[in-house]
Amino acid sequence: MTRRAGQPRLQEPPKTRGRTTIADGVVEKIAGIAAREVPGIHALGGGFTRTMGAVRDRVPGGHASAGRGVKVEVGEKQTAIDLQVVVEYGVSITDVAAEVRENVIAALERMTGLEVVEVNIAVNDVHLPDDETQEQETSGDRVH
């Protein structure tokens, strides 16, 4: 079949002309930021991860990682998320976990178009109000 001049060429819709891949690190950052937005979340990561992150944050040029405490598996159309969190003392852990799950799923599906098949949450610690004053006292700073 020959194409006649002036006749529009039939093309596939733009969404089918090419492929988009999303790096694991992108999904980790989005999930980490979405989890931290939830009231009642103090931090993400296990004890060792948080300690190493604090050291890295103090090094000149170092910066906090938005993906700290987040592990992901990313496929072509789906993703699964594992989060390690520290909650504030006094909050309902089940309520905070449910809100984190909702926020992470909404952010990822909206921003990436990936279907989130699961968000697993491991609560590794509870942050006590006294913890901050002890951290400041033992931080080595002589002047407060």
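The legends below accompany close-up views of a predicted model of one chain.

**View 1. The whole chain and the order of its elements.** In this predicted model, the chain has four helices and four strands, which follow one another from the N terminus in the order α-β-α-β-β-α-β-α. Of the 144 residues in the chain, 26% are buried. Among contacts with a separation of 6 or more, 72% join residues that stand 24 or more positions apart.

**View 2. Confidence along the chain, with helix α2 in focus.** The mean pLDDT of the chain is 82, and 71% of the residues reach 70 or more. Among the elements, α3 has the highest mean pLDDT, at 98, whereas helix α2, residues 47–58, has the lowest, at 49. Over residues 48–53 the pLDDT stays under 50, and for this stretch the model has nine contacts beyond four places in sequence. Where pLDDT is low, predicted coordinates should not be read in detail.

**View 3. Helix α1 and the elements that its buried residues pack against.** Helix α1 comprises 13 residues, 24–36, and spans 18 Å from its first C-alpha to its last, close to the 18 Å expected at 1.5 Å a residue. Its buried residues are Val27, Ile30, Ala31, Gly32, Ala34 and Ala35. An α-helix has 3.6 residues a turn, so residues three or four places apart point the same way. The buried residues of α1 pack against three strands, namely β1 (41–44), β2 (70–74) and β3 (78–88), and also against helix α3 (93–112).

**View 4. Thr79 and its contacts in strand β3.** Thr79 lies in strand β3 and, because its relative accessibility is 1%, below the 20% cut-off, counts as buried. When neighbours within four places in sequence are left aside, the contacts of Thr79 include Val27, one of the buried residues of helix α1. Thr79 is also in contact with Val72, Glu73 and Val74, as well as with Leu114, Glu115, Val116, Val117 and Glu118.

**View 5. Val86, a second buried residue of strand β3.** Val86 likewise lies in strand β3 and is buried, with a relative accessible area of 2%. Val86 and Ala122 are 36 residues apart along the chain, and their C-alpha atoms are separated by 8.7 Å.

**View 6. Two buried glycines in loops that adjoin α2 in the order of the chain.** Gly45 is found in the loop between β1 and α2, where, at 0% relative accessibility, it counts as buried. From Gly45 to Gly32, a buried residue of α1, the distance is 9.9 Å, C-alpha to C-alpha, with their positions 13 residues apart in sequence as the separation. Gly69 has its place in the loop between α2 and β2 and, at 16% relative accessibility, also counts as buried. Gly69 and Leu44 are 25 residues apart in sequence, yet 4.9 Å apart in space, C-alpha to C-alpha.

**View 7. The second largest pocket and its lining.** Rolling a probe the size of a water molecule over the atoms shows where empty space is left. The second largest pocket holds about 350 Å³ of space and is lined by 13 residues, among them Arg19, Thr20, Glu76, Lys77 and Leu114, which lie nearest its centre. By class, the lining has three nonpolar, six polar and four charged residues. Leu114 is also one of the residues in contact with Thr79.

Technical notes. Residues are numbered from 1 along each chain as its sequence is written. This is a predicted model: local features need pLDDT of at least 70, side-chain atom pairs count only at pLDDT 80 or more; totals for chains, interfaces and linings use all residues. Side-chain values use heavy atoms; hydrogens and water are left out. On a 1 Å grid over the protein atoms alone, a cavity is a set of points where a 1.4 Å probe fits but cannot get out, and a pocket is an open set with protein on both sides within 12 Å along at least five of seven lines; lining residues have an atom within 4 Å of a point. Grid points are joined across faces, edges and corners, and a volume is the space filled by probe spheres set on the points. Ala, Val, Leu, Ile, Met, Phe, Trp, Tyr, Cys and Pro count as nonpolar, Asp, Glu, Lys and Arg as charged, and the others, Gly among them, as polar. The expected span of a helix is 1.5 Å times one less than its number of residues. Buried means under 20% relative accessible area, exposed over 50%, partly exposed in between (1.4 Å probe, protein chains only). Contact means heavy atoms within 4.5 Å. pLDDT is the predictor's confidence in each residue, from 0 to 100.
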